[in-house]
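Student: I would like to go through this structure by question and answer. Please show it before we start.

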Amino acid sequence: MSDKHDQPDLSREAVLRIAHLARLRLTDEEANNFSKELAGILAYVDLLNAVDVANVEPMPRPGKLSNRLAEDLPGVTLSIEKLFANSPETRDSYFVVPKVIESPDVDDDSTAHGESETEGVER
Amino acid sequence: MIPSVPRQLAGSSDEFDRESLPGWTLTSLGAAILDRRISAEEAVSAYLDRIEKYDSSLHCFTEVFADRSLETARAIDRRIAAGESVGPLAGCPIAVKDNLCTDWGHTTCSSEMLRNYESPFDATVVRRLRQADVIIIGKTRMDEFAMGSSCERGVGEPTRNPWDHSRVPGGSSGGSAAAVAASLCTAALGSDTGGSVRQPASFCGVVGFKPTYGSVSRYGLAAFASSLDQIGPITKTVEDAATLHHRIRGYDPNDSTTNPESNWFEPIDINIPITEMRVGVPRQFMSEANDPSVTLVYENAIETLRASGASIVEIDLPMMEYAIATYYVICTAEASSNLARYDGIRYGRRAKLQPGETFEDLYAKSRGEGFGSEVKRRIVLGAFVLSAGYHDQYYNRALKVRRLIKEDFDRTFAKCDAILGPTSPTAAFRLGEKTSDPLEMYLCDLYTVGANLAGIPAISVPAGFAEVDGGHHLPIGLQFTGSVLSDLKLLRIARTFQQHAAIEGRPSDFL
């Protein structure tokens, strides 16, 4: 742990960059508001800099973590129909998504079930 | 006005209809159904009547299962009539928060993202309630994805506080707390990540219990912050909270964080003599942040306990002032990771793409359209505190302070059996009062987040009233916090407190 406390960059551009990393589209208004609000929240969080945390182990969860091994037994799983019932777009037992591979070298037949130019499928 | 309410809620009365319902508890109604004094169908019909009458103005429910509940009730009545064995809570109508999966109806988390989501399976707690022959009468409104302290965020009308419709019921389990307070169900389940069961219980004048982390399976609970989330009961009495908790608790192979401990051999109604109770009072809880009415209720409770023979122990929790900052770093970090699953591919809202847009646009647009602003704010904050360059400065530091907060509690419990303090620094606030400033809303959780960070049990019990606007009254709850796995002892202490000092009251419109 370094003692260096960088002043966080929470410009509108920085907020949009983080949102992009989280694959989250923000409206202009949200980007502007978050820039101000998050700066305020993190300024409050700076309170934690006053705490001496030297030689303190991080505590990611309460209690001790131990391995729990599941018994290897056959059981009933949910049906394909039930599992796919909530999907916005499916074909047979596949989720339909926009084409992921854009290379011109890949022709339609080599993408799985590639029946359309704009769609691929992912299982 | 404060309604005059008998200390012991009714239950032996022969009267049973929509008007007498508020006098019944989960325990008394369950016994009456098993004794055949009331049929399950009568019980369900009466609650459905009340929902019909009051929920159009309160907005506690996102979905009510009227026909299904009546059918289930008739089936239970037939089994009872035939002398077959039924579950211990047979026929009791209970509401569950809409982030708990039910394999019928919808599970929306009050989010546009899951508006049409129909879970293919039951949460473990739902399955256990059904095994006890409980009737799940509906799903309750919440702050979107459990992020909020007022039930104003997310899809649908904000839930109103039954004591004052211009005020919030608290959050995020506000629909569950308001439904219990208005007697639209006998009891309810909520989830508590930083106070989301206890704070609305305090605002609505009911009991809210957050058990030790790992006591109750989180399988089928839509995850917000997995190291903090815990499911707990919202009820009219401590006894009901114990009864409901006992039904849902215990090891579950589907949640590897549930602990296989079994410290629940004895019934709740064994009294801990009040003269043997050591109640810790931290000087940090007499804070200037408290509304004067909260401080007054707190001081009165301490005096009542002292006068009844309990030992009042002054204690020190110096790390308390860091709890909110620690909590909001950790919970947003975990949320940004947990909510990555909502991608528009396998379930949930999927955005329509324009020509030329890619699968990356599909993710970003679906999430942008599906999540409300508070959820987005927390995802961005969480992604930020986890990002390269800031991870050590924020996330890792918060995890270290978390340990110091836990050690603060550990030291304290060597000197006392439970800590008594306010649940919330204020009584219920007005709708819209805190929505413009996110940090102000976060500070509502001042007294509740500590128990989640440390993984220890805590329970809010109605303890008094605040007088507002000349003669109008709002309930105030106090919170007992105990050490890890001391749940049963904590419930007994809270029960004793309820007998000696707590107020049982009901919103006067709902008597």
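The questions below take up one helix, one cavity and some unusual backbone geometry.

Student: How far apart are the end C-alpha atoms of helix α10 of chain B, and what span should its twelve residues give?
Tutor: The model is predicted. Helix α10(B) covers residues 359-370, and at 1.5 Å a residue its twelve residues should span 16 Å. The distance between its end C-alpha atoms agrees with that expectation, at 16 Å.

Student: Which backbone nitrogen does a side-chain oxygen of Thr358(B) reach at the start of α10(B)?
Tutor: The contact is made at the start of the helix, by the side chain of Thr358(B). Its oxygen comes to within 3.2 Å of the backbone nitrogen of Glu360(B).

Student: What covers the buried residues of α10(B)?
Tutor: Buried here means under 20% relative accessible area. The residues of α10(B) that meet this cut-off are Asp361(B), Leu362(B), Ala364(B), Lys365(B), Ser366(B), Arg367(B), Gly368(B) and Gly370(B). Their cover involves both chains, and includes α11 (373-386) of chain B and β2 (94-98) of chain A.

Student: How many residues of each class line the second largest cavity?
Tutor: The count comes to six cavities of 30 Å³ or more, and the second largest has a volume of about 80 Å³. Its lining includes Ala146(B), Phe224(B), Tyr327(B) and Tyr328(B), as well as Gly171(B), Arg378(B) and Asp445(B). By class, this lining has two charged, six polar and four nonpolar residues.

Student: Where is the cis peptide bond that leads to Ser172(B), and what is its omega?
Tutor: Most peptide bonds are trans. Ser172(B) is found in the loop between β3 (135-140) and α5 (174-181) of chain B. The cis bond runs from Gly171(B) to Ser172(B), with omega near 10 degrees.

Student: Is Ala146(B) buried or exposed?
Tutor: Ala146(B) is found in the loop between β3 and α5 of chain B and is one of the residues lining the second largest cavity. Its phi is near 70 degrees, a positive value in a residue other than glycine. With a relative accessible area of 5%, Ala146(B) is buried.

Student: What is the relative accessibility of Ser183(B)?
Tutor: Ser183(B) lies in the loop between α5 and β4 (187-192) of chain B. Although not a glycine, Ser183(B) has a positive phi of about 55 degrees. Most residues other than glycine have a negative phi. Ser183(B) counts as buried, because its relative accessibility is 1%.

Terms used. Residues are numbered from 1 along each chain as its sequence is written. Chains are lettered from A and ligands numbered from 1 in the order in which they are written. Side-chain values use heavy atoms; hydrogens and water are left out. Helices (H or I, at least four residues) and strands (E, at least two) are DSSP runs, numbered from the N terminus. The expected span of a helix is 1.5 Å times one less than its number of residues. Buried means under 20% relative accessible area, exposed over 50%, partly exposed in between (1.4 Å probe, protein chains only). Contact means heavy atoms within 4.5 Å. A polar contact is a pair of N or O atoms within 3.5 Å; within protein, one must be able to donate a hydrogen and the other to accept it, and residues adjacent in sequence count only if both atoms are side-chain atoms. On a 1 Å grid over the protein atoms alone, a cavity is a set of points where a 1.4 Å probe fits but cannot get out, and a pocket is an open set with protein on both sides within 12 Å along at least five of seven lines; lining residues have an atom within 4 Å of a point. Grid points are joined across faces, edges and corners, and a volume is the space filled by probe spheres set on the points. Ala, Val, Leu, Ile, Met, Phe, Trp, Tyr, Cys and Pro count as nonpolar, Asp, Glu, Lys and Arg as charged, and the others, Gly among them, as polar.
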